[in-house]
Amino acid sequence: MDSEEIYQKYYSTLFFFILKRVKDEVATKDILQTTFLKIHEKKYQLKDRSKLKGWIFQITRNEIANYFNSRDSQPVEEPISETNVETPCCLDRFIDELPKLYQTPVQLVYLEGKSQQETANLLGISLASTKGRIRRAKEILKERFRICCKYQVNEKNQLVGKSDCEVCDN
């Protein structure tokens, strides 16, 4: 699998995985960029392609740890408060409001880092059903972000822009 295929396949999964942990959209994008750079630079080291997902998540977890370690070791010029840290607008609420049919697969795959096959096995449904539920959940979430938080959707069907949410005043 080349770097572009890895990017296309794992971008959304890693974005939400990181965002849930750092709760800062700008930091998430920085961590994601560094993660994909390391994946690209070191993909030749992966000998067993069946371990690709675990390897990618390990790199991602390491980059998240590096982010938190660098924040702890650098002097903070101003105190961190809710007013100066950008948090993902409404993400937790939107996930919580998903119908259980969609919520559970999203939580297992995007927040717990399980594979779609593992999720299908845990839920006792087919892989195709799991993929369909996740696809539908992502469309619901994108629409909620678009309507509530005023994010835009680009030509690649990805959320872009900044939040202008009246609900949470971000």
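**Rings, a pocket and two buried side chains**

Student: How many aromatic pairs does the structure hold?
Tutor: Rings of Phe, Tyr and Trp (its six-membered ring) pair if their centres lie within 6.5 Å; planes under 30 degrees apart are stacked, over 60 edge-to-face, and the rest tilted. Keep in mind that this is a predicted model, where local features need pLDDT of at least 70 and side-chain atom pairs count only at pLDDT 80 or more, while totals for chains, interfaces and linings use all residues. Residues are numbered from 1 along each chain as its sequence is written, and side-chain values use heavy atoms, with hydrogens and water left out. On that basis, the number of aromatic pairs is seven.

Student: Which kind of pair do Tyr 7 and Tyr 11 make?
Tutor: Their ring centres are 5.1 Å apart. The planes meet at 50°, so the pair is tilted.

Student: What separates Tyr 7 and Tyr 11 along helix α1?
Tutor: Helices here are DSSP runs (H or I, at least four residues), strands are E runs of at least two, and both are numbered from the N terminus. Because Tyr 7 and Tyr 11 sit four residues apart in α1, their separation is about one helical turn.

Student: Is Tyr 7 buried, partly exposed or exposed?
Tutor: Buried means under 20% relative accessible area, exposed over 50%, and partly exposed in between (1.4 Å probe, protein chains only). Tyr 11, at 17%, is buried. Tyr 7 has 26% relative accessibility, so it counts as partly exposed.

Student: And what about Tyr 11 with Phe 15: which kind of pair is that?
Tutor: These two are also four residues apart in helix α1, about one helical turn, and both are buried. Their ring centres are 6.1 Å apart with planes at 15°, so the pair is stacked.

Student: Which residues form one aromatic cluster?
Tutor: You've already met part of it in the Tyr 7 and Tyr 11 pair. The full cluster is Tyr 7, Tyr 11, Phe 15, Phe 16 and Phe 36.

Student: Which residue lies over the face of Phe 17?
Tutor: A charge sits over a ring if NZ of Lys or CZ of Arg is within 6 Å of the ring centre and within 35 degrees of the ring normal. At 3.7 Å from the ring centre of Phe 17, the residue is Arg 21.

Student: How much space lies in the largest pocket?
Tutor: On a 1 Å grid over the protein atoms alone, a pocket is an open set of points where a 1.4 Å probe fits, with protein on both sides within 12 Å along at least five of seven lines; lining residues have an atom within 4 Å of a point. Points join across faces, edges and corners, and the volume is what probe spheres set on them fill. The space comes to about 960 Å³.

Student: Which residues are closest to the centre of the largest pocket?
Tutor: The lining has 37 residues, and α1 gives the largest share, 10 residues. Closest to the centre are Tyr 11, Ser 12, Thr 13, Tyr 110 and Lys 138.

Student: Which residues does Thr 130 touch, not counting those up to four places away in sequence?
Tutor: Thr 130 belongs to helix α7 and, at 0% relative accessibility, is buried. With contact meaning heavy atoms within 4.5 Å, Thr 130 touches Gln 116, Thr 119, Ala 120 and Ile 125.

Student: Is Glu 63 buried or exposed?
Tutor: Glu 63 is in helix α3 (residues 52–73) and touches Ile 31, Thr 34, Thr 35 and Lys 38, leaving aside residues up to four places away in sequence. Its relative accessibility is 8%, so Glu 63 counts as buried.
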